[in-house]
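Please open the model in the viewer and keep the sequence panel visible. The stops below indicate what to select and what will be found there.

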Number of protein chains: 2
Amino acid sequence: MVWVGSTYAGNFKMNISQAAKFTGLTSKTIRFYEEKGIIPKARRADNGYRFYTEDQLETLGFIKRARGLGFSLDECKKLLDLQHNPDRASAEVKEKVQENLARVQSQIEHLEDIKSSLMKMSKSCPGNKGHECPILDELCHGGHTEVLQ
Amino acid sequence: MVWVGSTYAGNFKMNISQAAKFTGLTSKTIRFYEEKGIIPKARRADNGYRFYTEDQLETLGFIKRARGLGFSLDECKKLLDLQHNPDRASAEVKEKVQENLARVQSQIEHLEDIKSSLMKMSKSCPGNKGHECPILDELCHGGHTEVLQ
DNA sequence: CCTTGACCTTACTCTAACTGGAAGGATTAA
DNA sequence: TTAATCCTTCCAGTTAGAGTAAGGTCAAGG
């Protein structure tokens, strides 16, 4: 068998920790993806160890990048399915991206609301050794800087 | 016993679903907070039902509002402890708020990075019936719009 | 040949903050 | 009486892994 770095006959195999290092995932995470059916079951060497070829590494990298863009594992799976489907339309992919974009945008807006409430609170509080605290007062009795859920 | 709305002798009692309606929580959530030790165990009526007095309702409202501002349950507990501690300094409370603010801010920044990557991707894709898809290409092979973790 | 350390395997538990459901008892209205 | 709606407890599931334990494998050094 040919391992890392070598390019014998254009193919190579990595064991799980090498694949982890290569993709930026952890061994645990790779096994977890397999168990959850996000990726197909890895092939095994004679000793029972998993090994990964170029294609599998590409798939793992795909997931790593999609996760980094805020896609759920479920969505990663759907994106992978589109990637492996030659009859896909780019519109389907774009739609997933835009759904995600909308969700990210609404999370940002929610956090911005929270941020402005927290800033108001922070400004209202002397932040000294005294016991009086407008922050606690507001948390206790409610106020108009409250964030609507 | 005097129930909702009534103010007999300045005290009243609510059962769990009334307390839930009043605070905007759910009965399940209130029980959960009790089980987790975020709030003290509720007193029980003769039939075993929990009931809540004005003070308890205030505490529940406190948590509801603090949660809405992005504090974890653990932090809510700490804020409640400060609220019940007459020797607190407002500086301690303000510190919690500022920690939370910093976390919220960094979440916003992370999401903004993701958002801009997603927008670039979306623009690069024709979004038609064709199979060619720059989004999938980038997820597959990595690109410079990648979000650094 | 033996040991040591670094791998690999599976299987189990834990996290946050709930939500949903099942099974059984209590209360209330018709 | 009966039905609907409460209440109780307990158990399982959610997301995306991380942590730990017990045991098998492998390569290097003495």
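A residue is termed exposed when its relative accessible area is over 50%, and buried when that value is under 20%. The model shown here is predicted.

**Whole chain.** Begin by selecting chain A and colouring it by secondary structure. Chain A holds six helices and three strands, and from the N terminus its elements follow the order β-α-α-β-β-α-α-α-α. Of the 149 residues in chain A, 40% are buried.

**The sheet.** Next, select the three strands of chain A, which form an open sheet in the order 1-3-2 with antiparallel pairing. Strand 1 (14–15) and strand 2 of chain A are at the edges; each has a single partner strand, so one side of each lacks a neighbour in the sheet.

**One pairing in detail.** Now restrict the selection to strand 2 and strand 3 (residues 50–52) of chain A, where two bridges join the strands in the antiparallel sense. Which residue of strand 3 is the bridge partner of A:Arg43? The partner is A:Phe51.

**The loop before strand 2.** Move to the loop of chain A that connects helix 2 (27–35) with strand 2 (43–44), and select A:Lys41 within that loop. Is A:Lys41 buried or exposed? A:Lys41 has a relative accessible area of 72% and is therefore exposed, as this value falls in the range over 50%.

**The charged patch.** Finally, keep A:Lys41 selected and add A:Lys28, A:Arg31 and A:Arg44, then display the surface. These four residues gather there in a patch of positive charge.

Definitions and conventions:
Residues numbered from 1 in each chain as written. Chains lettered and ligands numbered in written order. Predicted model: local features only at pLDDT ≥ 70, side-chain atom pairs only at ≥ 80, totals over all residues. Heavy atoms only, no water. Patch = residues over 30% accessible without salt bridge, like charges linked within 9 Å, V, L, I, M, F, W, Y side chains within 5 Å. Areas by Shrake-Rupley, 256 points an atom, 1.4 Å probe, with all protein chains shown as cover. Salt bridge = Lys/Arg side-chain N within 4 Å of Asp/Glu carboxyl O. Lys, Arg positive; Asp, Glu negative; His and termini not counted. Charge placed at Lys NZ, Arg CZ, Asp CG, Glu CD. Helix = DSSP H or I, 4+ residues; strand = E, 2+ residues; numbered from the N terminus. Buried < 20%, exposed > 50% of the residue type's maximum accessible area, 1.4 Å probe, protein only. Pairing = 2+ DSSP bridges.
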